[in-house]
Amino acid sequence: MDSMKIDQIAMACHQANKGLCEAFGDQSQKDWPDAPEWARESARKGVEFCLANPDAPASANHDAWLEEKRRTGWKYGPVKDEAKREHPCFVPYDQLPKEQQVKDHVFRAIVHALA
């Protein structure tokens with residue numbers, strides 16, 4: 001799949017994630033054009049992972065995200081803080097709140113619908 005298509009799917013996933021976050025009271029997400037490059041790249045990597053692993057469960061998507069965050073210097077923090085590279089979802093999938101687990105399912109569904 002070409003990078004333009006991956007970017008389009010990543011944008012759709014990012015915007016859906018932003019909407020879910022807002023529904024759960026998190027207003028920290030920015031629209032795709034205003035999102036920092038690390039956030040857009042994270043969405044692209046998530047799309048690539050879903051495409052390469054179509055039968056993987058949503059938990060595997062989170063595991064891949066967690067590993068990427070770890071590799072780029074992020075750690076657990078009670079509040080998402082870009083400057084400190086801290087994120088409250090920096091935990092194993094089974095320790096995520098249900099609404100955070102839902103985001104992984106929605107992300108995968110969008111990738112597979114648009115691929």
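Which residues lie nearest the centre of the largest pocket? Here are a few notes on this predicted model, starting with that one.

1. **The largest pocket.** Asn17, Ser42, Trp65, His87 and Lys103 are the residues that lie nearest its centre, out of 34 that line the pocket. Its volume comes to about 750 Å³. Helices α1, α2, α3 (58-71) and α4 (98-114) are the elements that each give two or more residues to this lining.

2. **What the pocket wall is made of.** Sorted by class, the lining of the largest pocket has 17 nonpolar residues, alongside nine polar and eight charged ones.

3. **How α1 meets α2.** Two of those helices also pack against each other: α1 covers residues 3-23 and α2 covers residues 37-52, and their axes are 8 Å apart at an angle of about 110°. Angles of 65 to 115 degrees count as roughly perpendicular, and α1 and α2 are therefore roughly perpendicular to each other.

4. **Who makes that contact.** On the α1 side you will find Ile6, Asp7, Ile9, Ala10 and Cys13, while α2 brings Ala43, Arg44, Val47, Glu48 and Leu51. By class, this contact has seven nonpolar and three charged residues, with no polar ones.

5. **An enclosed space too.** The count of cavities of 30 Å³ or more comes to one, and the largest cavity holds about 60 Å³ of space. If you would like to find it in the viewer, look for its lining residues: His14, Ser28, Gln29, Lys30, Ala35, Pro36, Trp38, Ala39, Lys80 and Glu82. By class, four of the lining residues of this cavity are nonpolar, three are polar and three are charged.

Methods
Residues numbered from 1 in each chain as written. Predicted model: local features only at pLDDT ≥ 70, side-chain atom pairs only at ≥ 80, totals over all residues. Heavy atoms only, no water. Axes fitted to C-alpha atoms, helices over the stretch in contact; angles between N-to-C directions. Helix = DSSP H or I, 4+ residues; strand = E, 2+ residues; numbered from the N terminus. Parallel < 35°, antiparallel > 145°, perpendicular 65-115°, else oblique. Contact = heavy atoms within 4.5 Å. Nonpolar A, V, L, I, M, F, W, Y, C, P; charged D, E, K, R; others polar. 1 Å grid on protein atoms, 1.4 Å probe; cavity = no way out; pocket = protein on both sides within 12 Å on 5 of 7 lines; lining within 4 Å. Points joined across faces, edges and corners; volume = space filled by probe spheres on them.
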